[in-house]
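Dear colleague,

Please find below the structure that I am handing over to you. My notes on it follow directly after.

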Amino acid sequence: MPAAQSARASATKTDDTLLREVVEGLSQVHKQLPSKYFYDSAGSRYFDEICQLEEYYPYRTELAMLPGIADDLSHLIRDQRDVVEFGAGSLVKIRLLLQHLPQIKRLLPIDIAGDHLREAAAELRREFEHLEIVPIVADFTRQVELPDRNKVKKLGFFPGSTIGNFTPLQAVAFLDRARRSLGAGALLLIGVDTKKAPEILHRAYNDKLGVTAKFNRNILTHINREAGGDFDEDKFDHYAFYNPTQGRIEMHLISREQQVVTVEDYQFAFSKGENIHTENSHKYTPEEFLTLAAEAGWRGVRKWLDDEELFCVHLLQAGG
Ligand code: AVJ
């Protein structure tokens, strides 16, 4: 059965990467895990739940801005474009662009959570019958080869401030890679969370219902399943705070007790109160972000800020 075999072969390959990165992260003096491993199917659903929370302003703020942005784009972008979405998730936001931009004939959504992406793509296909959708299951923190680049000019779409998960240095590297893989004449529409009062930031990552805490702890369950770990989620507390020096929210999991955790053949000792750093979410003023983008060869064409300046969407053009 070639189909089943190739599926298994590729699953094993991903697991190897996951195991290697998990072991590497947990072997550091300051333990850490890559935040992309939040997103198994359960994690993608938890994130969708976060987006419905009153405290989590980035999602709803950007979503409310998108119809107006799409309308502006329909005047700014005259030629046909393929859209490449990085970290496509449930494909909700792209609908708002598609509704206003008939010059988009093809969508290439990239996401690490394969099953979740394929389901979302199937649903989108039913709504936009004339749109060609090519789901790409990949980790966009690495180089992603796009099929048939350079034929139709690309519009990159990177909403939600996911760029904030990278450190500024990693963000420049990502933006540089994205510019090269999107090809000549590319545009990039990118959502960036702004710097603001720390209470607002704090609330967004410490919601009353504890959904963010579940989302954070789920990384351990994902690792148990994919890398043969024996983490007990209940032995870790969710901890998130704003670090104004670094301009970022940091999420951690804090060990409630002294314990030893096994992942495959590896053992990791935790003292009581020891942390695993699971996520950074960097916040940038619009000016700071444009400086960063310029370092990666992108120049700002336009930016949109909501009235409360909670969130900024930038349109960038490749080439300094
Ligand atoms: C999807 C990376 C944009 O950083 O705000 C939400 C993920 N983490 N709550 C963010 C997240 C905790 C989110 N991004």
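A crossing of two helices is called left-handed if the near helix is turned anticlockwise from the far one by less than a right angle, and right-handed if clockwise. Helices here are DSSP runs of H or I with at least four residues, strands are runs of E with at least two, and both are numbered from the N terminus.

By that convention, helix 6 passes helix 9 in a right-handed crossing. Helix 6 covers residues 168-182 and helix 9 residues 286-295; their axes are 8 Å apart and the packing angle is about 50°. Axes are lines fitted to C-alpha atoms over the stretch in contact, and angles run from 0 to 180 degrees between N-to-C directions. Helix 6 and helix 9 are therefore oblique to each other (under 35 degrees counts as roughly parallel, over 145 as roughly antiparallel, 65 to 115 as roughly perpendicular and the rest as oblique).

Please note that this is a predicted model, in which local features need pLDDT of at least 70 and side-chain atom pairs count only at pLDDT 80 or more, while totals for chains, interfaces and linings use all residues. Residues are numbered from 1 along each chain as its sequence is written, and side-chain values use heavy atoms, with hydrogens and water left out.

Turning to the ligand, 14 residues surround it, of which Tyr56, Gly160, Tyr205, Glu279 and Ser281 come nearest (a residue is near if one of its heavy atoms lies within 4 Å). Polar contacts are pairs of N or O atoms within 3.5 Å. A ligand oxygen lies 2.5 Å from a side-chain N or O atom of tyrosine 56, and tyrosine 205 likewise places a side-chain N or O atom 2.5 Å from an oxygen of the ligand. For serine 281, the distance from a polar side-chain atom to a ligand oxygen is 2.7 Å.

Helix 2 (41-51), helix 8 (211-227) and strand 11 (275-282) each supply at least two residues of the shell.

Yours faithfully

Terms used. A polar contact is a pair of N or O atoms within 3.5 Å; within protein, one must be able to donate a hydrogen and the other to accept it, and residues adjacent in sequence count only if both atoms are side-chain atoms.
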